[in-house]
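The following note is offered for a reader who is new to protein structure. Please keep the sequence and the model in view while working through the points.

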Amino acid sequence: MAGHRGTGLAVIAVFALAACQGGGDPAQAAVVQGALAANVPPAANETPPVQADAIAAMPPPLDTSRMQPAQIIDQNGFGQPMVAADVQVPAGWQTVGGVSWNDNTNCVANQLQLGWSAMAPDSLTAVEILPGFNWQVSGTENQMNPCPAAPWRSTREFLEATVQRTRPGARVLGYERLADVEQRMAQSAQANPQAQLRHDAGRLLIGYAKDGVAMQELLSAAITFSSMQGNVVAGTATISSLRAPEGRLDRELGKRIGDSMRANPQWMQAMQQRSMASLQRYDNAQRSSINDWHHRQMAIINARGAADRAAIRMRGNQEVAGIYSAIAANSSATSDRMHKTTMSGVQQVDNYAGVDGSTVQASIHGGDRVFQDTANPGNAYATDAPYAEAPAGYVELQREQ
């Protein structure tokens, strides 16, 4: 959003008409137009020139020596119509359009739309201001920037795309770079050490037929390309247009109209406040969205951490309980063994592990070899005979330690 956070009519007045249309008398303008046309021949699929008999039917030349006041009106930006600028147009010309606002876009620089034209009585000659456009250059987009993406990397590309959209079938006769306008843009640009600025201004000459009359039109724009951390944004406040029957483009007229434009200070202040408020609303909404996302992520992390800590505590408790249980079991087993040993000493018997899991006791005086009947474990006997053989079905038992 840096570098495109508002559109002022002061910029429009400097670049839209006076600077972009240029000066010079009509004869010199015709020479420049002829040179442009000679440099760029029409393509095979372009609209052919109008025949000489149709050109002969053109209306007589216009008298633009006398001027009359006109206004550019903002109809609904501030609750009621408000004069955005005063301007002088040739006497007898009709003006249409004005300032409108597109609040459906979060790209603040594209909210203000200036579309205005002054039309001559011949319905052919006109001076027009078309709405500009701000965009992110395709391939460099930043998802935090709400402005749309578009492929244009130069003023010429942008103007040619405008012609395809607004003047389908028109022939491109030539393009002229406006180095003096670029220099003035650089001088008036606000310094931003984080951004690299490139100013590109130019005008495109096109030709087409309108109501059987061969027409020529100059479309002009001054675009600033701003690059920061790989993201390239571009924009122009307006596109200016000067059109007339072929051979009658009067650049001096466009300059006079542009020089006469005076912005209304009250509207300028209101416009700036409105744009800043829109920008603040978007920034607040974006910041709130980021904070909500951060809080959700922190809640997930905290919940996961709490669950992990609870699982660790549970495992620890289980391990401690297991240790205590093992200690208790060992203590009980030890006590049982000690008790059994004590009782065996008192009774003067030895304990043997029986075939059915029981304990078989035999007197220490009866012999240290004990045999037990596997079919009837209740039958057992002891002997001292070193080579005694057990009867069928009997097994020798092992003394318990």
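Between which two strands is the loop in which D211 is found? The points below take up this matter and then turn to others; please bear in mind that the model is predicted.

1. D211 lies in the loop that joins β8 (196–210) to β9 (213–228). Its phi is positive, at about 55 degrees, although D211 is not a glycine. The relative accessibility of D211 is 68%; because exposed means over 50%, D211 counts as exposed.

2. S123 also merits attention. This residue is not a glycine, yet S123 has a positive phi of about 60 degrees. Its place is the loop between β4 (112–119) and β5 (126–137). With a relative accessible area of 44%, S123 is partly exposed.

3. A further point concerns an open sheet of 3 strands, arranged in the order β13-β12-β17. The pairing in this sheet is antiparallel. As general background, strands of a sheet pair through backbone hydrogen bonds, in either a parallel or an antiparallel manner.

4. Which strands form the edges of this sheet? They are β13 (359–363) and β17 (398–399), each of which pairs on one side only. In the order of the sheet, β12 stands between β13 and β17.

5. The pairing of β12 with β17 may be examined in detail. Strand β12 covers residues 349–353, and it pairs with β17 in the antiparallel sense over 2 bridges. Across this pairing, Y352 stands opposite R399, a residue of β17.

Definitions and conventions:
Residues numbered from 1 in each chain as written. Predicted model: local features only at pLDDT ≥ 70, side-chain atom pairs only at ≥ 80, totals over all residues. Heavy atoms only, no water. Pairing = 2+ DSSP bridges. Helix = DSSP H or I, 4+ residues; strand = E, 2+ residues; numbered from the N terminus. Buried < 20%, exposed > 50% of the residue type's maximum accessible area, 1.4 Å probe, protein only.
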